[in-house]
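Student: Before I rely on any description of a model, I would like to see how each label is justified. Could we go through it term by term?

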Amino acid sequence: MKHEFEVRAGVRAGALLTAHGAAFGYRKRAVVSGVELRVVRGDFVGIVGPNGAGKTTLFRGLLGLIPPLAGRVERSTRAIGYVPQRESLDALFPVTVQEVVELGGLNKLRGFRSLPAQERARALECLERVGLADRRRAQFSTLSGGQRQRVLIARALMVEPELMLLDEPTTGVDRGAQAQILELLGELNRSQGLAVLLVSHQLAMVRDTVQRVLWVAEGGVREGAAAELLAPEHLDRLYGGAAQGVGEEH
Amino acid sequence: MDELDAISWAQRLSLFRWAVLAALLAGLVCPLVGVFLHVRRTSFYGIAMPQFATAGVVFGFVLLPWWIANIGLGGVELFEATHDSHAVLTYHMVWSNLFTFGGLLALLALGRRGGSEVGRVAGAFAIASAATILFGRMSPVGKGFVDELIAGELLGVGVHQFETLAVVYVLAALLLALFRHDLVLVSYDRESAFVLGKRVFALETLFTAVTGLVISVGTMVLGPVMLFGLIVLPAIAARAWARSMRTYFVLACAFGLAAVALGVTASFELDLPLGAAITGAAAVLLLPGALLRRG
């Protein structure tokens, strides 16, 4: 694959993920451009913006799923935990919760070996971490939205990540589950220095949770402190109509 | 019928051992491919691809006189080649493979442009079916051979055909078993597989190659109807009961073997074509899960 993960030793000291003048899009047409970003250990960054502004495109570009059309994206770590939107996972697969989490340990396997016993035990530890060890034999598709999200976070923990990227982690879950997920991410961020980068259309949640925000709109990206950039009066003044496309709460 | 009634079960099994062994092997291996096709929502490939393989076999018959006259087939004469398909098995396998992989690659290439996959595969099935009929018009011998294949008259499977099937199917089963974790990951969550550093393209190519081989060789030896049945039906039947991927694989193989056992029994007892009887048995095994609305 052309856009395989690149791990560059030359990334500035401490930076886990950097983007320099990066542009991302499809079929040579940039959706977002001029992306400047530096994510270090302990960061908690949100990507927000109106629907269709290019949040997901930016996210996929930073993750390495699409190559930059211009500029550079550098990752200094392979320990990246990825949490996709849970709706992207087909319920036709009869996978158990434990099987889903164990998939996260496959990065350490080459070829055809089976997951070693200690990795299986670690999968259980990761499930305990998200409070779902007792559901390990349940089918993933039978869990609630919030539980499935926590299982996917447990799977991401299997890579022992330094950086975790989450795609709409709290969309479609109730407030209680939302709080559990954010508390879990906050705890991982504080206790382990895990850098977290999440994309969301839920402005209020992002404002109350993250430190920094990448606001994606009109083909560009603006970075700022969450409390400042997502203050209602600031949003109205700066972006006017563009801010109206953002769901305040689910 | 009367002659068959006169011989015991043990004698029948001995007489048709290669056909029964081939069917058992297919009952074990085809459902493994079927599980992946089913969960990837590409079961239609399990129907369209054998049709491509069939068209390839008939096309090979169309070309056979010219081929023997101009290129040759190891000294085999046209009469022998047209009256004993075993004599030029490799030749037919090659055409079966060419058409199967040609169809697979064409569908994959078209898939990159987007659109409805189901529509593409259905269209491919229609084209392959029409091609089979048209080529059959050009080669009555080929048509006769394929009619037998479609009817599932596989009792004539010989040791050479069984050996060919065994080599390919054992290899396919080994590859699927050895790479099962990665193949499940790529099928279930392609993006995460990519992020985890898996060689997604290589794994998908491996799966496509295994599927193509299982279908092309299976069609040539067992016929398309039995292949449809053993690829698609046990996977659907097992999904209704599976509660993990591990049990899904085991149950699918068990349903496949059960379908073969039931089909062989029905075929011997009721004098039915073996391939069609096995597919019918596989369909019957769908009923409990469907009645209980599971899966």
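**Reasoning from values to labels**

Tutor: Let us begin with the contact between the chains of this predicted model, which takes 23 residues from chain B and 22 residues from chain A. On the side of chain B that touches chain A, the elements giving two or more residues are helix 10 (180–188), helix 11 (190–195), helix 12 (200–222) and helix 14 (245–270) of chain B.

Student: What makes a residue count as part of that contact, and how do the residues on the side of chain B divide into nonpolar, polar and charged?

Tutor: Two residues are in contact if their C-beta atoms, placed from the backbone, lie within 7 Å. The side of chain B that touches chain A divides into 13 nonpolar, 4 polar and 6 charged residues. As for confidence, the predictor gives the complex an ipTM of 0.84 and a pTM of 0.86, while chain B averages a pLDDT of 89, with 97% of the residues scoring at least 70.

Student: Why is A:T171 called partly exposed?

Tutor: A residue is buried if 20 or more other C-beta atoms lie within 10 Å of its own, and exposed if 12 or fewer do. A:T171 has 19 C-beta neighbours inside 10 Å, and therefore counts as partly exposed. A:T171 lies in the loop between strand 6 (163–167) and helix 5 (175–192) of chain A, and its C-alpha is 7.8 Å from that of A:Q202, although the two are 31 residues apart in sequence.

Student: How do you know that the length of helix 12 of chain B agrees with what its residues should span?

Tutor: The expected span is 1.5 Å times one less than the number of residues, so the 23 residues of helix 12 of chain B should span 33 Å; the end C-alpha atoms are 32 Å apart, which agrees. Just after helix 12 of chain B, B:G223 takes a positive phi of about 95°.

Student: Which residues have the most contacts inside the largest nonpolar core, and why is this core said to lie between domain 1 and domain 2 of chain A?

Tutor: The largest nonpolar core has 172 residues, and those with the most contacts inside it are B:A22, B:A26, B:V214, B:A252 and B:I278. Its largest share, 16 residues, comes from helix 3 (residues 17–39) of chain B. Domain 1 (1–79 + 162–250) and domain 2 (91–160) of chain A both give residues to this core, so it lies between them. Leaving aside residues up to four places away in sequence, B:V214 touches B:V29, B:C30, B:V33, B:Y169 and B:A172.

Definitions and conventions
Residues are numbered from 1 along each chain as its sequence is written. Chains are lettered from A and ligands numbered from 1 in the order in which they are written. This is a predicted model: local features need pLDDT of at least 70, side-chain atom pairs count only at pLDDT 80 or more; totals for chains, interfaces and linings use all residues. pLDDT is the predictor's confidence in each residue, from 0 to 100. Helices (H or I, at least four residues) and strands (E, at least two) are DSSP runs, numbered from the N terminus. Ala, Val, Leu, Ile, Met, Phe, Trp, Tyr, Cys and Pro count as nonpolar, Asp, Glu, Lys and Arg as charged, and the others, Gly among them, as polar. A nonpolar core is a set of buried Ala, Val, Leu, Ile, Met, Phe, Trp, Tyr and Cys residues joined through C-beta atoms within 7 Å. Domain bounds come from an automatic or database domain assignment.
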